[in-house]
Amino acid sequence: MKTTFTTLLVLLFSIWNSATAFENNCLGDPINLEQEVNQSVKDLVAVVEANKVRQDLLKAKIQYGILAIGIGVADIFLTTKDGKIVDLNVHAKVGLLGINSVINKKVTISQLKAGQPLKFQMQGGNRAVLIIEPEADFNEKGGWARLKIWNGSSYTIERIAITQGNNNPRSKYKSFHNNISNSNEIKGLKIQMHGSSISKMYVKSFTLEK
């Protein structure tokens, strides 16, 4: 922690020093100076990113049609820092009807606290087929959310909790269905999709795997 703090101070000083030099026109080549400032900012961002920890919540297996052919997977995960949530993410690779899609979505903790949901939507789809919508109590330590799944006419809603389950900052975040107990921990999600085109995709059935 001390090393990280010292590194941040050095990088911040570098940015401030470069910006001050630019303001005072102390260097003869403003283009090089701009590059130096940009690199310092990139270095600072890299340090911050390096201190984030990925915590996988669940993997969604995506199937299609009556035969339930596997067409892809989606990883839903958090990144945390010092035991607190930084953002909620979904990363998916899906191949359907001749179209291969890579889907990356992120919602920051400030957005989650403001009620902004994480949405999984097929490229070319008319609407999100899976949504994680935070409830009012959601904060840096997690909380309750609504898992909304599009069934073709409306959203089926399941209530889930995303939490460590205790006050230990080293504990792994987990997701739970309806109540927080070992028997209700969600370890996976199976989604069977139907639809004659990408734009009309919907979830025919789904299973919360415990």
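This briefing describes strand pairing, internal cavities, salt bridges and one loop residue in the structure above. The model is predicted. Two hairpins link strands E2, E3 and E4, and an open sheet of six strands runs in the order E5-E6-E7-E8-E9-E10. The model contains three cavities of 30 Å³ or more and 10 salt bridges.

**Hairpins of E2, E3 and E4**

- Strands of a sheet pair through backbone hydrogen bonds, in a parallel or an antiparallel sense.
- Strand E2, residues 69-81, pairs with strand E3, residues 84-96, in the antiparallel sense, and 10 bridges join them.
- Within this pairing, Val73 stands opposite Lys93 in E3.
- Two residues separate E2 from E3 in their hairpin, and Asp82 in the turn has a positive phi of about 55 degrees.
- Strand E3 also runs antiparallel to strand E4, residues 99-108, with 10 bridges between them.
- In the pairing of E3 with E4, Leu96 stands opposite Ile99 in E4.
- The hairpin of E3 and E4 likewise has two residues between its strands. Leu97, in this turn, has a positive phi of about 50 degrees.

**The open sheet**

- The six strands from E5 to E10 form an open sheet with antiparallel pairing.
- Its edge strands are E5, residues 118-120, and E10, each of which pairs on one side only.
- Strands E5 and E6 are joined by three bridges in the antiparallel sense.
- Leu118 stands opposite Ile132 in E6.

**Cavities**

- Rolling a probe the size of a water molecule over the atoms shows where empty space is left.
- The largest cavity holds about 70 Å³ of space.
- Its lining is made up of Leu57, Leu58, Ile76, Ile132, Leu147, Ile160, Ile162, Ser175, Leu189 and Leu208.
- Strand E1 (53-64) and strand E8 (155-163) are the elements that give two or more residues to the lining of the largest cavity.
- The lining of the largest cavity comprises nine nonpolar residues, one polar residue and no charged residues.
- The second largest cavity holds about 40 Å³ of space.
- Ala60, Ile62, Ala74, Ile76, Val90, Phe120, Leu130 and Ile191 line the second largest cavity.
- At least two residues of the lining of the second largest cavity come from E1, and at least two from E2.
- Eight nonpolar residues form the lining of the second largest cavity, with no polar and no charged residues.
- Ile76 appears in the lining of the largest cavity and also in that of the second largest cavity.

**Salt bridges**

- Side chains of opposite charge can pair when their charged atoms come close.
- One of the salt bridges joins Asp87 and Lys52, whose closest N and O atoms are 3.2 Å apart.
- Asp87 belongs to strand E3 and Lys52 to the loop between helix H2 (30-50) and E1, so this salt bridge ties together parts that are 35 residues apart in sequence.
- Asp87 and Lys52 are both buried.
- Arg54 and Asp75 form another salt bridge, at 3.9 Å from N to O.
- Because Arg54 lies in strand E1 and Asp75 in strand E2, the pair ties together parts that are 21 residues apart in sequence.
- Arg54 is partly exposed, at 45% relative accessibility, whereas Asp75 is buried at 16% relative accessible area.
- A further salt bridge connects the side chains of Arg146 and Glu133, at 2.3 Å from N to O.
- This pair links distant parts of the chain, with Arg146 in strand E7 (residues 143-150) and Glu133 in strand E6 (residues 130-134), 13 residues apart.
- Arg146 is partly exposed, with a relative accessible area of 31%.
- Arg54, Asp56, Lys59 and Asp75 are joined into one network by salt bridges that share partners.

**Asn184 and its surroundings**

- Asn184 is located in the loop between strand E9 (174-177) and strand E10 (185-186).
- Asn184 has 14% relative accessibility, and because buried means under 20%, this residue counts as buried.
- Apart from its neighbours within four places in sequence, Asn184 is in contact with Ser175, Phe176, His177, Asn179 and Lys210.
- Lys210 is 26 residues from Asn184 in sequence, while their C-alpha atoms are 6.5 Å apart in space.

Notes: Residues numbered from 1 in each chain as written. Predicted model: local features only at pLDDT ≥ 70, side-chain atom pairs only at ≥ 80, totals over all residues. Heavy atoms only, no water. Pairing = 2+ DSSP bridges. Helix = DSSP H or I, 4+ residues; strand = E, 2+ residues; numbered from the N terminus. 1 Å grid on protein atoms, 1.4 Å probe; cavity = no way out; pocket = protein on both sides within 12 Å on 5 of 7 lines; lining within 4 Å. Points joined across faces, edges and corners; volume = space filled by probe spheres on them. Nonpolar A, V, L, I, M, F, W, Y, C, P; charged D, E, K, R; others polar. Salt bridge = Lys/Arg side-chain N within 4 Å of Asp/Glu carboxyl O. Buried < 20%, exposed > 50% of the residue type's maximum accessible area, 1.4 Å probe, protein only. Contact = heavy atoms within 4.5 Å.
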